[in-house]
Amino acid sequence: MNKNITDIYNLIQELAWHFGNHGFNGECCRDLSLAEFMALKKIQEIDNITIQEIGYAINYTKGGASKIVDRIESKGYIKREYSAIDGRMCCVNVTTEGIDIINSIIEEYSTYVDEMLKEFDDDAIENIKSVLEILMTASKKRLNTYNPQ
């Protein structure tokens, strides 16, 4: 194993801690948990997304995703809709309130990151973005194949 791998792991873990969920009652993003916020972002990105697709996108079971959807819906940020074809509940869409909260949270955290990186030039910021994209791509590829046990 490359001697830098452990350092990379430790740096990712430390970074996750600094950007992670430090709020009271598991809240990271106003009245949303981190899992709820990530699900809400996926719902905004994909029109008429199913609960199963939400679960897959955030690496939860369909049952786990359903519980998250229930909590987000109770806050008024999403709505479940029925299929025009067979009348069964089929999909989830974001409400205006949901769009507002997502945009507000992203703006708040973007300002935080902007302040943190203000000493870096545009090339350095582009490099940081590129490295994070590489890590995310590699992470997504390994998501379903890695089992640490």
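Trainee: At what angle do α3 and α4 pack, and how far apart are their axes?

Mentor: In this predicted model, the two helices pack at about 100 degrees, and their axes are 8 Å apart.

Trainee: Why is that pair called roughly perpendicular?

Mentor: Put the angle next to the cut-off. Anything from 65 to 115 degrees counts as roughly perpendicular. The packing angle of α3 and α4 is about 100 degrees, so the label roughly perpendicular applies to them.

Trainee: Which residues make the contact between α3 and α4?

Mentor: From α3 you have I51, Q52, I54, G55 and I58. The α4 side brings K62, A65, S66, I68 and V69. Sorted by class, that contact has 6 nonpolar, 3 polar and 1 charged residues.

Trainee: What makes G55 polar in that count?

Mentor: Just the sorting rule: Gly is put among the polar residues.

Trainee: What about α2 against α4: how do you know which angle label fits?

Mentor: Same test. The angle between α2 and α4 is about 85 degrees, with axes 10 Å apart. That value sits in the 65 to 115 range, so α2 is roughly perpendicular to α4.

Trainee: Which residues of α2 and α4 meet?

Mentor: A35, E36, A39 and L40 of α2 meet I68, R71 and I72 of α4. By class, this contact divides into 5 nonpolar, no polar and 2 charged residues.

Trainee: Let's stay with A39 in α2. Why is A39 called buried?

Mentor: Buried means under 20% relative accessible area. A39 is at 0%, so A39 counts as buried.

Trainee: What does A39 touch, leaving aside neighbours within four places in sequence?

Mentor: A39 is in contact with I54, I58, I68 and I72. Take I68: A39 and I68 are 29 residues apart in sequence, yet their C-alpha atoms are 7.7 Å apart in space.

Trainee: And what does I54 touch, not counting residues up to four places away?

Mentor: A39 again, plus I43, I49, A65, V69 and V92.

Trainee: Which residues touch the most other members of the largest nonpolar core?

Mentor: L32, L40, I54 and V92, in a core of 22 residues. The elements giving two or more residues to this core are α2 (34-45), α3 (51-58), α4 (62-74), β4 (89-94) and α5 (96-116). The largest share, 5 residues, comes from α2.

Trainee: Now the loops. What makes the phi of R30 worth a look?

Mentor: Its sign. Most residues other than glycine have a negative phi. For R30, phi is near 60 degrees, a positive value in a residue other than glycine. R30 lies in the loop between β1 (27-29) and β2 (32-33).

Trainee: Which other phi is positive, in the loop between α2 and α3?

Mentor: That of N48, which is found in that loop. Phi of N48 is near 55 degrees, and N48 is again not a glycine.

Trainee: Why are R30 and N48 both called partly exposed?

Mentor: Partly exposed covers what falls between the 20% limit for buried and the 50% limit for exposed. R30 has 39% relative accessibility, so R30 is partly exposed. N48, at 43%, therefore gets that label too.

Trainee: How do you know which exposure class E73 belongs to?

Mentor: Its relative accessible area is 30%, so E73 is partly exposed. E73 has its place in α4 and touches I78, K79 and R80, not counting residues up to four places away in sequence. The C-alpha atoms of E73 and T95 are separated by 9.4 Å, with their positions 22 residues apart along the chain.

Trainee: Zooming out, what order do the elements of the chain run in?

Mentor: From the N terminus, α-β-β-α-α-α-β-β-α-α, which comes to 6 helices and 4 strands.

Trainee: And how much of the chain counts as buried?

Mentor: 23% of its 149 residues. The chain exposes about 11000 Å², and carbon and sulfur atoms supply 55% of that area.

Trainee: What share of the contacts with a separation of 6 or more comes from residues 24 or more positions apart?

Mentor: Such pairs account for 49% of them.

Key:
Residues are numbered from 1 along each chain as its sequence is written. This is a predicted model: local features need pLDDT of at least 70, side-chain atom pairs count only at pLDDT 80 or more; totals for chains, interfaces and linings use all residues. Side-chain values use heavy atoms; hydrogens and water are left out. Buried means under 20% relative accessible area, exposed over 50%, partly exposed in between (1.4 Å probe, protein chains only). Contact means heavy atoms within 4.5 Å. Accessible areas come from the Shrake-Rupley method with a 1.4 Å probe; for residues, only the protein chains shown count as cover. A nonpolar core is a set of buried Ala, Val, Leu, Ile, Met, Phe, Trp, Tyr and Cys residues joined through side-chain atoms within 4.5 Å. Axes are lines fitted to C-alpha atoms, for helices over the stretch in contact, and angles run from 0 to 180 degrees between N-to-C directions. Angles under 35 degrees count as roughly parallel, over 145 as roughly antiparallel, 65 to 115 as roughly perpendicular and the rest as oblique.
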